[in-house]
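Visitor: I am new to this structure and should be grateful for a close look at one part of it, followed by its surroundings.

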Amino acid sequence: MYLNTRTQIVTVLYFAKSSELAGTRQELLTLPEQLTSLELWHAIVQRHPRLESIRGQTVLAVGQQYVELGQQVMCLRHGEEVAVVPPLSGG
Amino acid sequence: MYLNTRTQIVTVLYFAKSSELAGTRQELLTLPEQLTSLELWHAIVQRHPRLESIRGQTVLAVGQQYVELGQQVMCLRHGEEVAVVPPLSGG
Amino acid sequence: MAASEVPGADHVTLSHEQLNVNAAVEAVTSPSCGAVSLFVGMTRDNFEGHRVVRLEYEAYESMAQAEMKKICARARCLWPSVGGIALHHRLGVVPIAEASVVIAVAAPHRQAAFEATAFLIDTLKATVPIWKKEVYEKGQCMWKENKECSWSKTQE
Amino acid sequence: MAASEVPGADHVTLSHEQLNVNAAVEAVTSPSCGAVSLFVGMTRDNFEGHRVVRLEYEAYESMAQAEMKKICARARCLWPSVGGIALHHRLGVVPIAEASVVIAVAAPHRQAAFEATAFLIDTLKATVPIWKKEVYEKGQCMWKENKECSWSKTQE
């Protein structure tokens, strides 16, 4: 249940395994302006159901800040960068 | 007091501060074949009295093995390499 | 100059080119720092008996740069005497036995340099958005997961 | 290949030339080793407020080589997974901010590489017959003493 009904167009980025599952590396999505990080995840999975398989090993980044999936409320700005972040393996 | 009276000609090497105090880097000395490391030190200091100033911060190397100044008896071979080893400062 | 006043810069780069260890040392060297510690991560040729032929790295580049700068700042906070820091990570295809990451830390004394280097590689693996795919000889491949990453399933 | 069977060679050199960190990394690199740790010791520009203009190193060369090989063997005993080890020490005049010593250690995993590198520099300073004279700007000079050396008066 969204807190208000305004929407914003955001850029969603997919990396590594999540880009393979989504079949894309980048797309524009129209999303509610206010939503929890879990609702944000559900909106993304609704579009790419195969991402459900990596739930539990994924976090999001919103405005290049890590956000775990949960009840924290986000406020998305126009053009916000949202990223699906599978487990890291740099180094 | 030396344990036997045979002598050997050995090469004595001086490094770093000990070469400055001795005024040489290398010389041949005729020394008793058997003697303690402390007697070996005294024989060297007798030749270069200024080395006395670094007693307590010096060890010897005999045949490239470290030897502290003390009562352990050495057996010098002909051509043995003896070195005066001031505190190390490599690295 | 007191140890805590050592001037230090952060040299953070992501690059598709081969990494140069001498360049990392030169980047961090300063006359007041007597010690440089480095870590070089290389591609290994096997994983649990599977023959690895190459690695492929990708990054969320702008965020990775920002996170690398953050961990430099955290290292400086923990080891104030640290001088220059270099974090160089390679992207794209990395052949076997070539470097994927080079970390260099200068400090007046070696203890701080060693500790900061270990911290930087541990933290880079935990927080910098970079991913590595191992490609095996029969063409299979696998996305790796750092155990240091808190949302990895292999996390301890 | 099990970690304890990693093939490793000891690359021990004393040289009057500038040291090359890339060469040390290349010397120790092998496809089974994912981590290389390095220590680079540099000439600092000051000692207790005195401006250092250069260092001069001398060694008991044959014994120094032998002692460097001994400490490689001790490191392999303590960290059996270690692969290649390089110990490169410079002799003669070393200008400010140039390397006097480079130590590189390869291992399958970084913990062993880090620990062995710290051990090697600590032990080199304690046991390898090399001496360093600091030359100050007014021409004075002083033979240094490593606190790691058991017969140094500054030993703790």
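Is Ala43(B) buried or exposed?

Guide: This is a predicted model, in which local features need pLDDT of at least 70 and side-chain atom pairs count only at pLDDT 80 or more, while totals for chains, interfaces and linings use all residues. Residues are numbered from 1 along each chain as its sequence is written, chains are lettered from A and ligands numbered from 1 in the order in which they are written, and side-chain values use heavy atoms, without hydrogens or water.

Ala43(B) is buried, because its relative accessible area is 15%; the term buried applies under 20%, exposed over 50% and partly exposed in between, with a 1.4 Å probe and protein chains only. The residue belongs to helix 2 of chain B, residues 37–47. Helices (H or I, at least four residues) and strands (E, at least two) are DSSP runs numbered from the N terminus. Gly91(B) is 48 residues away from Ala43(B) along the chain, and their C-alpha atoms are separated by 32 Å. Chain B does not touch chain C, the nearest C-alpha atoms of the two being 10 Å apart.

We turn next to the interior. The largest nonpolar core (buried Ala, Val, Leu, Ile, Met, Phe, Trp, Tyr and Cys residues joined through side-chain atoms within 4.5 Å) has 68 residues. Leu87(C), Leu120(C), Leu87(D) and Leu120(D) have the most contacts inside this core. A second, separate core of 30 residues includes Ala24(C), Val21(D), Val25(D) and Ala99(D).

In chain D, helix 2 (residues 61–78) packs against helix 3 (residues 110–127) at an angle of about 145 degrees, with the axes 10 Å apart. Such axes are lines fitted to C-alpha atoms, for helices over the stretch in contact, and the angles run from 0 to 180 degrees between N-to-C directions. Among the residues making the contact (heavy atoms within 4.5 Å) are Ile71(D) and Ala75(D) of helix 2 of chain D and Leu120(D) and Leu124(D) of helix 3 of chain D.

Chain A offers a sheet. Its five strands form an open sheet in the order 2-1-7-4-5, with mixed pairing; strands pair if DSSP finds at least two bridges between them. Strand 2 (26–32) and strand 5 (65–67) of chain A stand at the edges with a single partner strand each, so one side of each lacks a neighbour in the sheet. Strand 4 (residues 59–62) of chain A runs antiparallel to strand 5 of chain A and is joined to it by three bridges. Within strand 5 of chain A, Val67(A) stands opposite Leu60(A).
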